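The following report concerns buried charge and helix packing in a single structure. Please keep the sequence and the coordinates at hand while reading.

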Amino acid sequence: MSHTRKLTSTSKIINHPKIRIVLLITITFTLGYFFSSFINHSVFPTDHFRYSLPQCGKTVPPDEVRSTILTAFYDDISPYQDFPPPHLAHLLEPKRLQGWGSNDVVFADLIKKNRPQTILEIGTFLGASAIHMANLTRDLDLETQIICLDHFRAWAGFRDMFKSLPMPNGDIMLLQQFMQNVVTLDLSETIIPVPFSASSGLDRLCELGILADLIEIDAGHDFHSAWDDINRAYKLLRPGGVMFGHDYFNKQDDHGVGRAVDLFAKFHGFKVTTSNQHWIIDVFA
């Protein structure tokens, strides 16, 4: 009888609303603490900022950048040699330039200030901004090598805007027209394409030890693409260099580029400045 009374009393206590709330909170906390032991706390909250990037190779001197790229990507033969091949020549225009903000004042300002020996451009399209930078360096009597990293496949909706470009066998001919532009303007010794995705291309350049004094990023406009490009490119920035890019105010992906730039700068303690649609991070300012 006494035992029954104790059970009844205990049941009344447990069923009391306030007691049940306390028990629920206690159980929830205990379970959360227990399962947290299975989580690698080194991952949070900074996992989003960690990049397992390759160890960059020994830095290549600026005057050896071009030869290093030719060896690594082209078997020591210039991609411009005997260009264009006869079967493509009739499909190419002597010069077809198309870009967005490719002649903005930011290019002249940064090149005059930094006098770069190596420029890395991520996202090239038909080469308008690369050609503009090449002309600027030529006017300043600089011996500058410009590396254009792009897969030259544009974006999925590309054909909606550029139906006039030929597309033999599914090839949209961006790389070939870019090269024709460079050849026509006699800049083949200054501008060299690296026709790979941004991530794989940047990692390979890092492994080769190729660093740049000036890095322009103008590839993907969504947050994750921009975030990846900025972080991978940062490792290739030579001491004293500047990183900049386009579409800071672009509304795509809820201002994806701007969000990526701001987050990167905030995480590293850098300052972002703007010039029209361009963002600039002088990491050594």
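In this predicted model, D229 is buried and yet takes part in no salt bridge, the nearest side chain of opposite charge being that of R232, 6.5 Å away. Since the distance allowed for a salt bridge is 4 Å, the separation of 6.5 Å between D229 and R232 does not qualify. D229 is found in helix 10, which spans residues 223-234. When its neighbours within four places in sequence are left aside, the residues in contact with D229 are I122, A198, L202, I217, A219 and G220.

R232, by contrast, does form salt bridges, with D203 and with D228. The pair of D203 and R232 links distant parts of the chain, for D203 belongs to helix 9 (residues 198-208) and R232 to helix 10, with their positions 29 residues apart. R232 and D228 both lie in helix 10, where they are four residues apart, or about one turn of the helix. R232 has a relative accessible area of 16% and is therefore buried, and D228 is buried as well. Salt bridges with shared partners thus join D203, D228 and R232 into one network.

The salt bridges in the model come to seven by count, and three of them are set out here.

| Salt bridge | Closest N to O distance |
|---|---|
| D203 and R232 | 2.9 Å |
| R232 and D228 | 3.0 Å |
| R259 and D253 | 3.7 Å |

In the pair of R259 and D253, R259 counts as partly exposed because its relative accessible area is 34%, and D253, at 34% relative accessibility, is likewise partly exposed.

A second topic is the packing of helix 5. Within this helix, which covers residues 105-114, the buried residues are V106, F107, A108, L110 and I111. These buried residues pack against several elements, including helix 6 (128-139), strand 1 (118-122), strand 4 (212-217) and strand 5 (237-245). Strand 6 (272-275) and strand 7 (278-281) are also among the elements packed against them.

How do helix 5 and helix 6 cross, and at roughly what angle? Their axes come within 10 Å and cross at roughly 40°, so the two helices are oblique to each other, and the crossing is right-handed. On the side of helix 5, F107, A108 and I111 take part in the meeting of the two helices, and on the side of helix 6 the residues are S129, H132, M133, L136 and T137. Just after helix 5, R115 adopts a positive phi of about 45°.

Note on methods: Residues are numbered from 1 along each chain as its sequence is written. This is a predicted model: local features need pLDDT of at least 70, side-chain atom pairs count only at pLDDT 80 or more; totals for chains, interfaces and linings use all residues. Side-chain values use heavy atoms; hydrogens and water are left out. Buried means under 20% relative accessible area, exposed over 50%, partly exposed in between (1.4 Å probe, protein chains only). Contact means heavy atoms within 4.5 Å. Lys and Arg count as positive and Asp and Glu as negative; His and the chain ends are not counted. Axes are lines fitted to C-alpha atoms, for helices over the stretch in contact, and angles run from 0 to 180 degrees between N-to-C directions. Angles under 35 degrees count as roughly parallel, over 145 as roughly antiparallel, 65 to 115 as roughly perpendicular and the rest as oblique. A crossing is left-handed if the near helix is turned anticlockwise from the far one by less than a right angle, and right-handed if clockwise.
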